[in-house]
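Work through these exercises with the structure open beside you. Try each task before reading its solution.

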Amino acid sequence: MYFELILAVYMGCAGFVAAGLLGSFYQLVTNSPPRFHVRLETLIGTVSSCLMCAFAGPFIIMRNAIRGRRIENRPIAWLVASSTIACMWSVCSGLVMMRFVVGIAQSL
């Protein structure tokens with residue numbers, strides 16, 4: 001049981017680090033923070049913005065939750081709920097990322 005818990009924590013950390021790197025890279029390139037916005041002008045823009053939202057989602061949620069707590073003075077329960085959602089999302093994206101990395105490693 002402890003092994004599965006440690007594995008889930010590891011995947012959650014890996015997913016959140018990947019979300020942070022992707023979100024920070026997006027902000028570096030576009031000079032605007034990432035947000036949940038799907039661009040529908042072109043097919044490439046639509047696919048890339050969907051992937052961006054899917055993998056940088058925990059970063060966007062936590063940035064908005066911390067900003068809402070500081071600036072808008074939202075209740076602490078809002079921050080806890082947002083953190084829980086971001087953590088579960090990080091575990092899921094970490095699982096996808098780990099399966100992708102292991103699949104690439106096995107094919108080499």
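**Exercise 1. Is E72 buried, partly exposed or exposed?**

Solution. Start by noting that this is a predicted model.
Step 1: Find the residue. E72 sits in the loop between α2 and α3, where α3 covers 76-107.
Step 2: Read its accessibility. The relative value for E72 is 47%.
Step 3: Apply the cut-offs. Buried means under 20% and exposed means over 50%, with partly exposed in between. E72 therefore counts as partly exposed.
Step 4: Look for a partner. The side chains of E72 and R74 are joined by a polar contact of 2.7 Å.

**Exercise 2. Describe the overall make-up of the protein.**

Solution.
Step 1: Count the elements. There are three helices and zero strands.
Step 2: Read them in order along the sequence. The pattern is α-α-α.
Step 3: Take the dimensions. Along the principal axes, the C-alpha atoms fill a box of roughly 45 × 40 × 20 Å.
Step 4: Check burial. Of the 108 residues, 27% are buried.
Step 5: Check the range of contacts. Take the contacts between residues at least 6 apart in sequence; 64% of them join residues at least 24 apart.

**Exercise 3. Work out how α1 is oriented against α2, and which residues form the contact.**

Solution.
Step 1: Locate the first partner. Helix α1 spans residues 2-30.
Step 2: Read the geometry. α1 and α2 pack at an angle of about 95°, and their axes are 8 Å apart.
Step 3: Classify the angle. Values from 65 to 115 degrees count as roughly perpendicular. So α1 and α2 are roughly perpendicular to each other.
Step 4: List the residues. α1 contributes F16, A19, G20, L22, G23, S24 and Y26. α2 contributes M52, F55, A56, P58, F59 and M62.
Step 5: Sort them by character. The contact of α1 with α2 has 10 nonpolar residues, three polar and no charged.

**Exercise 4. Repeat the analysis for α1 and α3.**

Solution.
Step 1: Read the geometry. The packing angle of α1 and α3 is about 90°, with the axes 7 Å apart.
Step 2: Classify it. That angle makes α1 roughly perpendicular to α3.
Step 3: List the residues. From α1 come A8, Y10, M11, G12, A14, G15, F16 and A18. They meet S90, V91, S93, G94, L95, M97 and M98 of α3.
Step 4: Sort them. The contact of α1 with α3 divides into 10 nonpolar residues, five polar and no charged.
Step 5: Look back at the α1 lists. F16 appears in the contact with α2 and in the contact with α3.

**Exercise 5. Trace helix α2 from its start to its bend.**

Solution.
Step 1: Set the limits. Helix α2 covers residues 43-70.
Step 2: Inspect the start. A side-chain oxygen of T42 comes to within 3.0 Å of the backbone nitrogen of G45.
Step 3: Find the bend. α2 bends by about 70° at A56.
Step 4: Check what comes next. A proline, P58, follows within four residues of A56.
Step 5: Tie this to Exercise 3. A56 and P58 are among the α2 residues that touch α1.

**Exercise 6. Examine A65 and S82, and decide how each is placed.**

Solution.
Step 1: Place them. A65 lies in helix α2, and S82 lies in helix α3.
Step 2: Judge A65. Its relative accessible area is 1%, so A65 is buried.
Step 3: Judge S82. With a relative accessible area of 12%, S82 is buried too.
Step 4: Find the neighbours, leaving out residues up to four places away in sequence. A65 is in contact with L79 and S82. S82 touches I61, M62 and A65.
Step 5: Check the polar side of S82. The S82 side chain reaches the backbone oxygen of W78 at 2.9 Å.
Step 6: Take one distance. The C-alpha atoms of A65 and T30 are 22 Å apart, and these residues are 35 apart along the chain.

**Exercise 7. Find what N31 and N73 have in common.**

Solution.
Step 1: Locate N31. It lies in the loop between α1 and α2.
Step 2: Locate N73. It lies in the loop between α2 and α3.
Step 3: Read phi. N31 has a positive phi near 60° without being a glycine. N73 is also a residue other than glycine, and its positive phi is near 55°.
Step 4: Judge accessibility. N31 is exposed, at 71% relative accessible area. N73 is exposed as well, at 59%.

Definitions and conventions. Residues are numbered from 1 along each chain as its sequence is written. This is a predicted model: local features need pLDDT of at least 70, side-chain atom pairs count only at pLDDT 80 or more; totals for chains, interfaces and linings use all residues. Side-chain values use heavy atoms; hydrogens and water are left out. The bend at a residue is the angle between axes fitted to the seven residues ending there and the seven starting there. Helices (H or I, at least four residues) and strands (E, at least two) are DSSP runs, numbered from the N terminus. A polar contact is a pair of N or O atoms within 3.5 Å; within protein, one must be able to donate a hydrogen and the other to accept it, and residues adjacent in sequence count only if both atoms are side-chain atoms. Axes are lines fitted to C-alpha atoms, for helices over the stretch in contact, and angles run from 0 to 180 degrees between N-to-C directions. Angles under 35 degrees count as roughly parallel, over 145 as roughly antiparallel, 65 to 115 as roughly perpendicular and the rest as oblique. Contact means heavy atoms within 4.5 Å. Ala, Val, Leu, Ile, Met, Phe, Trp, Tyr, Cys and Pro count as nonpolar, Asp, Glu, Lys and Arg as charged, and the others, Gly among them, as polar. Buried means under 20% relative accessible area, exposed over 50%, partly exposed in between (1.4 Å probe, protein chains only).
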